[in-house]
Amino acid sequence: MAHYDKVVGELMQTSGVHAALVVSRTDGIVIDGNVHIGTDADAIAALAARLYARAALAATAADDTDPGFLHLEAERGRVCVVAQGDLLLITVAEPWANLGLLRLNMRRLAQSLG
C-alpha cells in the first residue's frame, strides 16, 4: 500500500488535480486514493472503470489492444484513466489542468504499479 500512496501523492501534486485513485480494473473498487472534500471517490472509480471497460471492448474489436489513455472532458473538469495490469490509475482534474503533463505523469506512474 505504501507504493500506492507514493503514486497517488505524486499525482495529487500535479497542478489542477483534485482526485487521484488506484482502482481495481475488474470491479471498480478503490484500492487507494486521495480526493478533495466533496469528491465522491467510489462514484468516480465505478464510472471510470466502466468507461474504461467499454473503451477496451471497442479497442479490442478494432485492433486487439487496450486504450493507452482514456480522457473524458466535461464542462467542469476531466477524468483520465490509464491501465496497468489489473489496476486503473484515475485522476480528476480541472478543465485548465495541463493534459499533456498529466498524461505523461499518469503513464509513468502506472508503469511503476506493476
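**Figure 1. A salt bridge between Glu10 and Arg108 in the predicted model.** Here the side chains of Glu10 and Arg108 come together, with 2.5 Å from N to O. Glu10 belongs to helix H1 (residues 2-12) and Arg108 to helix H3 (residues 99-113), so this contact ties together parts that are 98 residues apart in sequence. Take a look at the surroundings of each partner too: Glu10 has a relative accessible area of 29% and is partly exposed, and Arg108, at 40% relative accessibility, is also partly exposed. The structure holds two salt bridges, and the next view turns to Glu73 and Arg78.

**Figure 2. A salt bridge between Glu73 and Arg78.** The side chains of this pair meet at 3.6 Å, N to O. Is Arg78 buried or exposed? With a relative accessibility of 7%, Arg78 falls under the 20% cut-off, so Arg78 counts as buried. Arg78 will also appear in the pocket view below, where it is among the residues nearest the centre.

**Figure 3. The largest pocket and its lining.** This pocket holds about 240 Å³ of space. Its lining is made by 13 residues, and those nearest the centre are Arg76, Gly77, Arg78, Val79 and Val92. Which elements give two or more residues to the lining? They are helix H2 (41-63), strand E3, strand E4 (77-84) and strand E5.

**Figure 4. Strand E1 and its two partners, E5 and E2.** Strand E1 spans residues 17-24, and eight of its eight residues are buried, so the strand is largely enclosed by the rest of the structure. With strand E5 (residues 87-93), E1 pairs in the antiparallel sense over seven bridges. To find your way along this pairing, look for Ala19, which stands opposite Val92 in E5. Val92 is one of the residues nearest the centre of the largest pocket, shown in the previous view. Strand E2 (residues 30-35) is also antiparallel to E1, and this pair has five bridges. A handy landmark here is Val23, opposite Val30 in E2.

**Figure 5. The hairpin turn between E1 and E2.** Five residues lie between the two strands of this hairpin. One of the turn residues to look for is Gly28, whose phi is positive, at about 75°.

**Figure 6. A nonpolar patch on the surface.** Leu47, Leu51 and Leu72 together make this patch, which covers about 240 Å². Leu72 sits in strand E3 (residues 70-74) and, with 39% relative accessibility, counts as partly exposed.

Conventions:
Residues are numbered from 1 along each chain as its sequence is written. This is a predicted model: local features need pLDDT of at least 70, side-chain atom pairs count only at pLDDT 80 or more; totals for chains, interfaces and linings use all residues. Side-chain values use heavy atoms; hydrogens and water are left out. Buried means under 20% relative accessible area, exposed over 50%, partly exposed in between (1.4 Å probe, protein chains only). Helices (H or I, at least four residues) and strands (E, at least two) are DSSP runs, numbered from the N terminus. Two strands pair if DSSP finds at least two bridges between them. Patches are made of residues with over 30% relative accessible area and no salt bridge: like charges are joined within 9 Å, nonpolar side chains (Val, Leu, Ile, Met, Phe, Trp, Tyr) within 5 Å. Accessible areas come from the Shrake-Rupley method with a 1.4 Å probe; for residues, only the protein chains shown count as cover. A salt bridge is a side-chain nitrogen of Lys or Arg within 4 Å of a carboxyl oxygen of Asp or Glu. On a 1 Å grid over the protein atoms alone, a cavity is a set of points where a 1.4 Å probe fits but cannot get out, and a pocket is an open set with protein on both sides within 12 Å along at least five of seven lines; lining residues have an atom within 4 Å of a point. Grid points are joined across faces, edges and corners, and a volume is the space filled by probe spheres set on the points.
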